[in-house]
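Visitor: Could you take me through one part of this structure slowly, please? I would like to look at how aromatic rings pair up, and then at what lies around them.

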Amino acid sequence: MEIRNLTVIKEFILLGLSGSAEQQYFLSVLFLCMYLMTISGNMLIILVVGFDTHLHLPMHFFLSNLAFVDICFSSTTIPQMIVNLLTDTQTISFVGCLSQLFFFISFVNMDSLLLSVMAYDRYVAICHPLRYIAIMNPHLCVWLVAGLWLVTYLHALLHTVLMAHLSFCASNIIHHFFCDLNPLLQLSCSDISLNVTVIFTVGGLLALTPLICILISYGLIFSTILKITSTQGKEKAFSTCGCHLSVVVVFYGTASAVYFSPSSSFIPKSDNLLALMYTLVTPMLNPFIYSLRNSDMKRALQKMLCKGAYFQQQ
């Protein structure tokens, strides 16, 4: 048996968005404000949906789940990045790195799957309105979300276990602001062919299936909208679809650019910017896109705020 004298790496160094001290301070303040907006905006969605019984519908059930996932999604990476920008401590333990990888993969996959379920929900509501309640019943919605969580956790566990079996015997510097697949594979001195195969097969299937469902759903929705005679009805429907599709394009465009390019082509600066788009910008925009432009959500928010003000006066 061949014995190799390897230095076991017990921690990694996250370089993140390195730069001058002034730049790091500015970025930390900027990202902290964006993170707080993400948390408060998505938390507000959950509170409004729970407060108003008129919003206890499949669409708003999925929306509240998306808000919860976006909170967890951003919290997996952004606080660590802000701490690294403000302090000289940029290390993360091996176990902590794998834990971050597991939760990140879980939440990013759950985000994409929920977007596809929301597209299907809109398809049923617009194309089959008379059968909407029967098809999208509460039991189906709950079991559907539970099944999605199971799939995402199993997928994340697969990548985490494969990563844990790799040897890291060279540099421990990660040119990223969190522990992601491609940056970690760049540091491994083991054979990563199995990991790459799993990324392009299992990961590709889990990424392309929701995207195909979204495209099919909206293709059928658009064909139905074109048959609507009311101009106002068409504009309202197209506006709703356009908002959702804009989030889909940003999310899938940046994520696919990072994960489905060869690991050897990993470029730290460009990949960091792309990762920031779907880990921070998209979750921050979701409350504005799905709530502030939704009349039912705005009415429920006004009702909740008025009721809160009334109790304060008492």
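Guide: Let us begin with the ring pairs and then visit a few other places.

This is a predicted model, in which local features need pLDDT of at least 70 and side-chain atom pairs count only at pLDDT 80 or more, while totals for chains, interfaces and linings use all residues. Residues are numbered from 1 along each chain as its sequence is written, and side-chain values use heavy atoms, with hydrogens and water left out.

A search of the whole structure gives 15 aromatic pairs. Rings of Phe, Tyr and Trp (its six-membered ring) count as a pair if their centres lie within 6.5 Å; planes under 30 degrees apart are called stacked, over 60 edge-to-face, and the rest tilted. The pair of Tyr218 and Phe222 is tilted, because the ring centres are 6.1 Å apart and the planes stand at 50°. Both residues sit in helix H7 (residues 193-225), 4 residues apart, which is about one turn of the helix. Helices here are DSSP runs (H or I, at least four residues), and strands are runs of E of at least two, numbered from the N terminus.

How covered are these two residues? Tyr218 is buried, at a relative accessible area of 3%, whereas Phe222 is partly exposed, at 26%. Buried means under 20% relative accessible area, exposed over 50%, and partly exposed in between, using a 1.4 Å probe and protein chains only.

Elsewhere, ring pairs join Phe68, Phe102, Phe103, Phe107, Trp149 and Tyr153 into a cluster. Phe102, Phe103 and Phe107 bring us to residues 102-120, a stretch that is 100% helix and 0% strand, with its end C-alpha atoms 27 Å apart. The unreviewed UniProt entry annotates "transmembrane region" at several spans, including 102-120 and 25-49; such annotations may be inferred rather than shown by experiment, and their positions follow the numbering used here, with feature names shortened. Residues 25-49 are also 100% helix and 0% strand, and their end C-alpha atoms lie 36 Å apart.

Thr38 belongs to helix H1 (residues 21-51). Thr38 is buried, with a relative accessible area of 0%. Leaving aside residues up to four places away in sequence, Thr38 touches Asp70, Ser74, Leu280, Pro283 and Met284, where contact means heavy atoms within 4.5 Å.
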